[in-house]
Amino acid sequence: MRELEKIVPDLELCKLIPDEYFKDSVCVWFNEFENDDGWGVHVRGKLSPGELKEQPNCPAPTLAEVMEAIENIPWNSRIAVDFVTCRADWNKKWRIHNGRAGVYGECNSATAALKLWLYLNGIEVNDV
């Protein structure tokens with residue numbers, strides 16, 4: 001499932017998502033072996049409810065899911081959201097920020113968006 005890992009935020013960032021958010025995310029970080037090497041991204045619908053209850057997991061929201069969640073944040077909290085693309089070593093990198101403070105992510109678009117979502121929800125994000 002390595003291809004799915006390219007379209008969702010990093011595992012460490014997803015672990016910061018409070019339990020009540022992104023419960024229905026299409027993808028999920030799932031740990032089959034309950035060790036640090038067992039984590040991978042899976043499609044939620046392909047895992048049984050029993051597997052999700054028994055094994056460590058956390059949501060792995062896509063860019064579309066995070067942007068929808070940002071749209072649901074009251075306007076006075078989010079001001080404005082801008083995407084700026086730049087290139088570094090010919091790889092596409094993303095930066096996302098609101099009008100008040102820069103929350104930049106030199107990472108995939110879903111990771112950058114989730115950093116902003118966490119910031120707007122008052123969750124401190126160190127550079128993960």
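Here is a short chat about a predicted model of one protein chain.

Student: Let's start broad: how many helices and strands are there in the protein chain?
Tutor: Walk along from the N terminus and the elements come as α-α-β-β-α-β-α-α-β-β-α. Tally those up by type and you get 6 helices and 5 strands.

Student: Now the open sheet: in which order do its 3 strands sit?
Tutor: Look at the edges to work this out. β2 (39–43) and β3 (57–59) each pair on one side only. β1 goes between them, with antiparallel pairing, and the order is β2-β1-β3.

Student: By how many degrees are neighbouring strands of this sheet turned against each other on average?
Tutor: Take the strands as neighbours in the order β2-β1-β3. Ignoring direction, the average turn between neighbours is 30 degrees.

Student: Which residue in β2 stands opposite Val28?
Tutor: Val28 falls within β1, which covers residues 27–31. β1 and β2 pair in the antiparallel sense over 5 bridges. Across from Val28, in β2, you'll find His42.

Student: What percentage of the residues count as buried?
Tutor: The cut-off here is under 20% relative accessible area. Apply that to the 128 residues of the protein chain, and the buried share is 41%.

Student: And what share of the accessible surface belongs to carbon and sulfur atoms?
Tutor: Start from the total, which is about 7800 Å² for the protein chain. The part belonging to carbon and sulfur atoms is 49%.

Student: Last one: among contacts with a separation of 6 or more, what share comes from residues 24 or more positions apart?
Tutor: Leave out pairs with a separation below 6, then pick those 24 or more positions apart. In the protein chain, they account for 50%.

Key: Residues are numbered from 1 along each chain as its sequence is written. This is a predicted model: local features need pLDDT of at least 70, side-chain atom pairs count only at pLDDT 80 or more; totals for chains, interfaces and linings use all residues. Side-chain values use heavy atoms; hydrogens and water are left out. Two strands pair if DSSP finds at least two bridges between them. Helices (H or I, at least four residues) and strands (E, at least two) are DSSP runs, numbered from the N terminus. Axes are lines fitted to C-alpha atoms, for helices over the stretch in contact, and angles run from 0 to 180 degrees between N-to-C directions. Buried means under 20% relative accessible area, exposed over 50%, partly exposed in between (1.4 Å probe, protein chains only). Contact means heavy atoms within 4.5 Å. Accessible areas come from the Shrake-Rupley method with a 1.4 Å probe; for residues, only the protein chains shown count as cover.
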